[in-house]
Amino acid sequence: MHLDANKILHKFQFGFRINHSTSVALTDVIDNILEHLDNYKHVTGTYLDLQKTFDTVNHRILLYKLYNYGVRGVAYEWFCGNFSDKYQFTCVNQAESDMHEINCGAPQGSVLGPLLFLVYVNDISNAVPDVTVKLFADDTNLFVAGSSLTAVNQLANDSINRLNYWLIVNKLSLNIDKTCYMVFPSDTSNSTRLILDGEEIKKS
């Protein structure tokens, strides 16, 4: 497959991929945290909850990314045709709504749906190139490490705000109420705080 042959997919994307699983993802995360702890570093893991991600995939952005990743010619034209001139309406008790064009959403339940979603979120790590983003489909985890709680807290806040900007640009949204973070080892001083758009993220 083009994406695998050219090693296009994000290294730490564990969803919908051969030889990747939740077990592999969990092992990788634990090993990463333990390695930092062995080096006397502090680690903050932030677990982001995205809202209705498959439903909000923007077709124009998806097509741009497919083209950017080398999908061209007949294959690209097929995708363009598949995501254009599609409309829907609602009918309840013989009353019909107006017709509206469908310009977002990855086809769920299809073979291509999950793969297209992976392509859509593939460049998320570019938003925070200095830290590690680990993904399982739309489950997004951000890990930062440093020699002090102050340094880790500052980097974690900066990183989550940059990630949130990437989400906004790509027409995805973060559910702050279901987003949380953990500190390793535990922050007994309670000096760590993550703030996004003036709202404090819950510590788990």
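The paragraphs below go through a sheet, the helices around it and one buried glycine.

This is a predicted model, in which local features need pLDDT of at least 70, side-chain atom pairs count only at pLDDT 80 or more, and totals for chains, interfaces and linings use all residues. Residues are numbered from 1 along each chain as its sequence is written, and side-chain values use heavy atoms, with hydrogens and water left out.

Helices (H or I, at least four residues) and strands (E, at least two) are DSSP runs, numbered from the N terminus. Five strands form an open sheet of mixed pairing, in the order E6-E7-E1-E8-E11. Two strands count as paired if DSSP finds at least two bridges between them. Strand E6 (132-136) and strand E11 (202-203) are the edges, each pairing on one side only. E11 pairs with strand E8 (residues 180-184) in the parallel sense, over two bridges. Tyr 181 stands opposite Lys 203 in E11.

Helix H6 packs on this sheet, touching E1, E7 and E8, and its direction makes about 150 degrees with that of E7. Axes here are lines fitted to C-alpha atoms, for helices over the stretch in contact, and angles run from 0 to 180 degrees between N-to-C directions. H6 covers residues 149-169, 21 in number, and reaches 30 Å from its first C-alpha to its last, close to the 30 Å expected at 1.5 Å a residue; the expected span is 1.5 Å times one less than the number of residues. Its buried residues include Val 152, Ile 160, Leu 163 and Trp 166, where buried means under 20% relative accessible area, exposed over 50%, and partly exposed in between (1.4 Å probe, protein chains only). The buried residues of H6 pack against several elements, among them strand E1 (42-48), helix H3 (59-68) and helix H5 (112-121). Just after H6, Lys 171 takes a positive phi of about 60 degrees.

H3 also packs with helix H4 (residues 73-82), at an angle of about 175 degrees and with the axes 11 Å apart. That makes the two helices roughly antiparallel, a term for angles over 145 degrees, while those under 35 count as roughly parallel, 65 to 115 as roughly perpendicular and the rest as oblique. Leu 63, Leu 66 and Tyr 67 of H3 meet Tyr 76, Phe 79 and Cys 80 of H4, contact meaning heavy atoms within 4.5 Å.

Gly 113 lies in helix H5. Gly 113 counts as buried because its relative accessibility is 0%. Beyond its neighbours within four places in sequence, Gly 113 is in contact with Phe 54, Ala 106 and Pro 107. Phe 54 is 59 residues from Gly 113 in sequence and 8.4 Å away in space, C-alpha to C-alpha.
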